[in-house]
Structure formats: C-alpha cells, structure tokens
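Thanks for making time for this. I will go through one chain, starting with charged pairs and ending with helix packing.

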Amino acid sequence: AGTFATVALSRMAMELGADGVMVTPTKEPAPHPPEALVELYAAVARGCPGLPIVLQDHPASTQVFMPPPLLARITREVPSVACIKLESLPSPVKIAALRRLWRDDPPAGGKVTILTGLGALYGGVDLEQG
C-alpha cells in the first residue's frame, strides 16, 4: 500500500503494455490531506510518463472523500489524469460541480472523461449532468 507501491505497480502495468491505470487512494488510519492526494497522482504520472490515469473516487472502500474542488485541482495539476471514475454519492451533484469548476479552470490535459460507477445505479441522472 502507499504511493511507492502504487507507482511501482503502475510502472509494471505500463511495461507489460497497459494503455492506462486506475488509481485509487489507499485506506489509511488518518485522513489524507489534499496535498498528499495530489502528490499520489503526480507521483504516478512522474513514474509512468505518458500513461493515462483513471482517478477512482470510491469512498465506500477507501474512506477517502474527495470533494469536487480537490478533483478539479488534481486534473489541473496532473495532466495525465484523463478520466475520473466517480463512485461517490450523490454523483449527479458531483458531476455538475466538476463541470462548473472545469468551465472556469479546465484540466491541464484537456478533456477529462467521467465514468459513473456503482453499477450505473444513477447512470441516467449522471448522463443528464454531461
């Protein structure tokens, strides 16, 4: 667990031919400060140049809560983040908030795709948010 292992496993995936990696923060006994979460994704990007990253936001399994401003910040500071797999509720509200934040300050790498998770439980409503 941790940043070192995440970078090493991501690099291994890249060397084996992966077209991208999905990265989620590890569950820790104390909350991650926002800077540590930005650094996690930045470290993977540095360790795997050119490899697209899917940022997985799944607080049910990680106990890591990433509000829309933090997600937007990560996409602005880490251009390799090409996609967010959003698995936190309420997902439609979070998607709308991200879209608003990106309108004012877009991601560094251009467009960032949002995937909805949770078995597409809210897929229809999520699609309405763009």
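Which residue forms a salt bridge with arginine 76? The partner is aspartate 105, and the closest N and O atoms of the two are 3.1 Å apart. Before going further, please keep in mind that this is a predicted model.

As for where the two residues sit, arginine 76 belongs to helix 4, residues 68–77, while aspartate 105 is in the loop between helix 5 and strand 4, the latter being 113–116. The pair therefore ties together parts that are 29 residues apart in sequence. Arginine 76 is partly exposed, at 29% relative accessibility. Aspartate 105 is partly exposed as well, at 37%.

There is also a network to point out here. Glu35, Arg73 and Glu77 are joined into one network by salt bridges that share partners. In total, the structure holds six salt bridges. I will take two others individually.

One is between aspartate 57 and lysine 94, whose side chains meet at 2.7 Å, N to O. Aspartate 57 is in strand 2, residues 53–57, and lysine 94 is in helix 5, residues 91–104, so this bridge ties together parts that are 37 residues apart in sequence. Are these two residues buried or exposed? Aspartate 57 has 0% relative accessibility and counts as buried. Lysine 94 is at 11%, and because the cut-off for buried is under 20%, lysine 94 also counts as buried.

The other is between glutamate 39 and arginine 46, with 2.4 Å from N to O. Glutamate 39 is partly exposed, with a relative accessible area of 36%. Arginine 46 reaches 53% relative accessibility and counts as exposed. The general background is brief: side chains of opposite charge can pair when their charged atoms come close.

Now the overall layout. The chain has six helices and four strands. Read from the N terminus, the order of elements is α-β-α-β-α-α-β-α-β-α. Of the 130 residues in the chain, 42% are buried. If you take the contacts between residues at least 6 apart in sequence, 74% of them join residues at least 24 apart.

Next, helix 4, which I will use as the reference for packing. Which of its residues are buried? They are Pro68, Leu70, Leu71, Ala72, Ile74 and Thr75. These buried residues pack against helix 2, strand 2, strand 3, which is 81–86, and helix 5. I will cover the two helices in that list.

First, helix 2, residues 34–47. Its axis and that of helix 4 are 10 Å apart, and the two helices pack at an angle of about 40°. Helix 2 and helix 4 are therefore oblique to each other. Their crossing is right-handed. On the helix 2 side, the residues that meet helix 4 are Pro34, Glu35, Leu37, Val38 and Tyr41; on the helix 4 side, they are Leu70, Arg73, Ile74 and Glu77. By class, this contact has six nonpolar residues, no polar ones and three charged. Glu35, Arg73 and Glu77 are in this contact, and they are the residues of the salt-bridge network I described earlier.

A reminder on spacing: an α-helix has 3.6 residues a turn, so residues three or four places apart point the same way.

Second, helix 5. Here the angle to helix 4 is about 45°, with the axes 9 Å apart. That makes helix 4 oblique to helix 5. This crossing is right-handed too. Helix 4 contributes Pro68, Pro69, Leu71, Ala72 and Thr75 to the contact, and helix 5 contributes Lys94, Ala97, Leu98, Leu101 and Trp102. The residues of this contact divide into eight nonpolar, one polar and one charged. Lys94 appears in this contact, and it is also the partner of aspartate 57 in the salt bridge at 2.7 Å.

One last item, away from the helices. Where does glutamate 28 lie? It is in the loop between strand 1, 21–23, and helix 2. At 36% relative accessibility, glutamate 28 counts as partly exposed. How far is its C-alpha atom from that of valine 64? The two C-alpha atoms are separated by 8.4 Å, with the residues 36 apart along the chain.

That is the end of my part, and I can take questions.

How values were computed: Residues are numbered from 1 along each chain as its sequence is written. This is a predicted model: local features need pLDDT of at least 70, side-chain atom pairs count only at pLDDT 80 or more; totals for chains, interfaces and linings use all residues. Side-chain values use heavy atoms; hydrogens and water are left out. A salt bridge is a side-chain nitrogen of Lys or Arg within 4 Å of a carboxyl oxygen of Asp or Glu. Buried means under 20% relative accessible area, exposed over 50%, partly exposed in between (1.4 Å probe, protein chains only). Axes are lines fitted to C-alpha atoms, for helices over the stretch in contact, and angles run from 0 to 180 degrees between N-to-C directions. Angles under 35 degrees count as roughly parallel, over 145 as roughly antiparallel, 65 to 115 as roughly perpendicular and the rest as oblique. A crossing is left-handed if the near helix is turned anticlockwise from the far one by less than a right angle, and right-handed if clockwise. Contact means heavy atoms within 4.5 Å. Ala, Val, Leu, Ile, Met, Phe, Trp, Tyr, Cys and Pro count as nonpolar, Asp, Glu, Lys and Arg as charged, and the others, Gly among them, as polar.
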